[in-house]
Amino acid sequence: MKRAVYPGSFDPITNGHIDIIRRSVKLFDELIVAVLVNPAKSPLFTVEERMELIKESLNDLPNVKVDSFTGLLVHYVSGVKANVIIRGLRAVSDFETEFQMALMNKRLNSDVEIVFLMTSYEYSYLSSGVIKEVFGLGGDVTGLVPECVEAKLLEKMRRK
Ligand code: PNS
């Protein structure tokens with residue numbers, strides 16, 4: 001079975017992430033969307049909330065599993081018997097960080113391959129951070145995040 005891991009913070013999941021997931025799931029038998037538990041960060045959504053929003057957004061895809069992880073990504077990847085990490089690339093600005101992470105992950109575990117999918121043009125400017133900022137300041141994010149995420153943003157940020 002070809003199993004891949006799509007890791008990230010997903011705080012919250014956006015339609016850009018969904019696009020990467022829907023495209024990469026076609027390439028593997030199983031895709032695990034793995035949410036990083038990072039005690040050093042203070043996310044808007046708890047890990048449980050983030051996982052629930054991902055599950056709700058992808059409930060039509062039986063070969064997508066949602067999980068969380070702590071520590072090194074490569075340890076998690078080998079623990080679930082996968083050897084591919086999926087990452088999305090939006091712009092040139094993503095390249096430097098992604099290149100650094102990919103090389104470090106490869107050094108930590110040479111059996112792991114990192115596969116990059118270029119973002120679809122319509123989502124190339126999206127990030128979870130931009131969504132939270134725009135929504136928090138009263139902007140419309142319809143069509144940029146799944147409906148369940150928009151509803152949860154409304155609940156969290158108590159916007160009228
Ligand atoms: O959605 P993000 O925040 O861009 O995802 C970053 C993520 C979770 C992929 C990255 O921070 C990560 O893999 N963290 C786990 C710690 C780790 O393995 N670090 C070494 C890689 S250089």
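**Ligand shell and local backbone features**

In this predicted model, the ligand is surrounded by Pro7, Gly8, Ser9, Leu36, Phe69, Gly71, Leu72, Leu73, Arg87, Met101, Met104 and Asn105. By residue class, this shell consists of seven nonpolar residues, four polar residues and one charged residue. Two elements, β1 (residues 3-8) and α4 (residues 92-108), each contribute at least two residues to the shell. The largest share, three residues, is supplied by α4. The ligand occupies the space of the largest pocket.

Polar contacts to ligand oxygen atoms involve both side chains and backbone. In the side chain of serine 9, an N or O atom lies 2.6 Å from an oxygen atom of the ligand. The side chain of arginine 87 likewise places an N or O atom 3.0 Å from a ligand oxygen. At leucine 73, the contact is made by a polar backbone atom, at 2.8 Å from an oxygen atom of the ligand. On its own the ligand has 550 Å² of accessible area, of which the protein covers 71%.

The loop between β1 and α1 (residues 15-24) contains two backbone features of note. Phenylalanine 10 lies in this loop and, although not a glycine, has a positive phi of about 50°. The relative accessibility of phenylalanine 10 is 3%, so this residue counts as buried. Proline 12 is found in the same loop, between β1 and α1. The peptide bond that joins aspartate 11 to proline 12 is cis, with omega at about 0°. For context, most peptide bonds are trans, and most residues other than glycine have a negative phi.

A positive phi also occurs at lysine 81, again a residue other than glycine, where the value is near 60°. Lysine 81 is located in the loop between α3 (residues 73-79) and β4 (residues 84-89). Its relative accessible area is 70%, above the 50% cut-off, and lysine 81 is therefore classed as exposed. The two positive-phi residues thus fall into opposite classes, phenylalanine 10 being buried and lysine 81 exposed.

Helix α1 is mostly covered, with eight of its 10 residues buried. These buried residues are Asn15, Gly16, His17, Ile18, Asp19, Ile20, Ile21 and Ser24. The N-terminal end of α1 is capped by threonine 14, which has a side-chain oxygen 3.1 Å from the backbone nitrogen of glycine 16. Glycine 16 is itself one of the buried residues of the helix.

Threonine 14 can also be placed relative to a residue distant in sequence. Between threonine 14 and threonine 119, the C-alpha separation is 12 Å, with their positions 105 residues apart in sequence. Threonine 119 is found in the loop between β5 (residues 113-118) and α5 (residues 128-136). Because its relative accessible area of 15% is under the 20% cut-off, threonine 119 is buried.

A second pair of this kind involves glycine 8, a member of the ligand shell. The C-alpha atom of glycine 8 is 11 Å from that of valine 66, and the two residues are 58 apart along the chain. Valine 66 belongs to strand β3, which spans residues 64-69. Valine 66 has a relative accessible area of 16%, which is under 20%, so this residue is also buried.

Conventions: Residues are numbered from 1 along each chain as its sequence is written. This is a predicted model: local features need pLDDT of at least 70, side-chain atom pairs count only at pLDDT 80 or more; totals for chains, interfaces and linings use all residues. Side-chain values use heavy atoms; hydrogens and water are left out. A residue is near a molecule or strand if one of its heavy atoms lies within 4 Å of it. A polar contact is a pair of N or O atoms within 3.5 Å; within protein, one must be able to donate a hydrogen and the other to accept it, and residues adjacent in sequence count only if both atoms are side-chain atoms. Accessible areas come from the Shrake-Rupley method with a 1.4 Å probe; for residues, only the protein chains shown count as cover. On a 1 Å grid over the protein atoms alone, a cavity is a set of points where a 1.4 Å probe fits but cannot get out, and a pocket is an open set with protein on both sides within 12 Å along at least five of seven lines; lining residues have an atom within 4 Å of a point. A molecule sits in a cavity or pocket if more than half of its atoms lie within 2 Å of its grid points. Helices (H or I, at least four residues) and strands (E, at least two) are DSSP runs, numbered from the N terminus. Ala, Val, Leu, Ile, Met, Phe, Trp, Tyr, Cys and Pro count as nonpolar, Asp, Glu, Lys and Arg as charged, and the others, Gly among them, as polar. Buried means under 20% relative accessible area, exposed over 50%, partly exposed in between (1.4 Å probe, protein chains only).
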